[in-house]
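Visitor: Could you walk me through how helix packing is read from a model?

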Amino acid sequence: QKKHTFFPGPNELTQDLKAVFQRSPISHRSYEFTERLKRVKEKLRKLSGAEFVHLLSGSGTLANEAMIAQITLLNQKGLILVNGAFGERLKNQAQKWNLDFDVLEIKWGQSFNKSEIENMIQKNSYGWLLAAHGETSTGMLNDMNEIHALCKEQNIYLCLDCISSFGALPFELSNVYLATGVSGKAIGTMTGLAFVFSNHLVKESASLPAYLDIGCYADGRIPFTVSSQMLEGLEVALQAYIENDRYELLKGRYLLLQQVEEHNELEFLTSQGYPMIVTFKKKSLPKHLGDDARMSGFDLHDQSLYLKEREWVQMSIIQPNFEQSFEKFRKWLHNYIAYEKQ
């Protein structure tokens with residue numbers, strides 16, 4: 001039976017993208033590769049509003065590792081905000097780098113309180129603040145506008161994990177110190193290229209591991225091997241943003257998904273969502289929804305450890321055949337809920 005997947009990655013590929021990965025690779029030292037990299041970087045700069053972008057071969061976790069590596073060079077105490085699994089991951093990564101920082105940790109899915117952050121900032125001499133913008137584990141978009149204003153007022157460097165929010169909706173990174181993104185997730189191509197955005201020219205460090213030192217990638221340098229198919233796939237996927245078509249597509253899909261909540265079929269964990277992924281509240285879920293959906297051909301996202309522990313189920317909207325899959329799932333869900341109520 002055909003599977004309908006609602007995972008937040010990896011992405012199933014469109015025919016255009018499949019064709020890219022069937023082509024022979026070219027050298028990352030070739031003229032063709034260098035010119036493509038320039039075009040891709042320019043598109044990412046326009047999309048983000050950041051002055052510089054550095055491309056690394058790896059996942060979003062690698063991008064965050066490279067961002068945190070740069071934070072170590074500040075030699076200042078910082079503050080990390082945590083309201084989900086990926087905020088916790090940032091905290092754990094920072095601990096491995098022996099950074100000096102405080103943590104403001106609140107209940108998963110809740111909004112940060114501006115006054116609480118302001119009080120912590122006023123009592124401490126923080127040099128940087130690190131947080132997840134799109135918190136994938138809860139489907140919550142953390143509002144960084146007020147936090148940015150506080151950071152600007154106190155001369156604090158704002159650093160953001162935008163792994164799942166970048167490409168999902170338009171926003172500006174022109175005022176952050178560092179931010180991260182990936183080729184997978186909302187952009188919709190193969191996972192494997194990690195981005196670190198900056199608004200300052202990063203210099204090569206004498207102390208950081210070379211692969212994690214984004215200073216090695218500055219000034220258009222290509223210090224290490226990058227897959228030419230990955231880069232071409234990213235360039236193809238970014239075409240969808242020229243007229244904001246990708247943003248409009250994801251927004252429309254999110255509105256479709258909201259119908260599930262409006263008709264009291266399932267309830268969102270947070271009202272502060274964004275068009276990439278939704279977490280459903282435990283109390284609104286039939287006991288074995290994830291397992292039963294899977295046996296009926298619908299792969300919902302519920303196998304990550306943090307989801308299993310909380311008995312949460314998620315649905316992502318980034319897969320290429322979402323509309324058709326969602327229509328079939330909606331019909332199945334209607335019958336399933338009716339059966340469960342008997």
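**Helix packing**

Guide: The crossing of H3 and H4 is right-handed, meaning that the near helix is turned clockwise from the far one by less than a right angle, whereas an anticlockwise turn would be left-handed. This is a predicted model, in which local features need pLDDT of at least 70, side-chain atom pairs count only at pLDDT 80 or more, and totals for chains, interfaces and linings use all residues. Residues are numbered from 1 along each chain as its sequence is written, and side-chain values use heavy atoms, with hydrogens and water left out.

Visitor: At what angle do helix H3 and helix H4 pack?

Guide: Two packed helices are described by the angle between their axes and the distance between the axes. Here, helix H3 (residues 60–72) and helix H4 (residues 85–96) pack at about 50°, with their axes 10 Å apart. H3 is therefore oblique to H4 (under 35 degrees counts as roughly parallel, over 145 as roughly antiparallel, 65 to 115 as roughly perpendicular, and the rest as oblique).

Visitor: Which residues of H3 and H4 make the contact?

Guide: With contact meaning heavy atoms within 4.5 Å, Thr61, Asn64, Glu65 and Ile68 of H3 meet Arg89, Leu90, Gln93 and Ala94 of H4.

Visitor: At what angle do the axes of helix H5 and helix H6 cross?

Guide: The axes of helix H5 (residues 114–123) and helix H6 (residues 145–153) cross at roughly 20° and come within 10 Å, and the two helices are therefore roughly parallel to each other. Their contact is made by Lys114, Ile117, Glu118 and Ile121 of H5 with Glu146, Ile147 and Leu150 of H6.

Conventions
Axes fitted to C-alpha atoms, helices over the stretch in contact; angles between N-to-C directions. Helix = DSSP H or I, 4+ residues; strand = E, 2+ residues; numbered from the N terminus.
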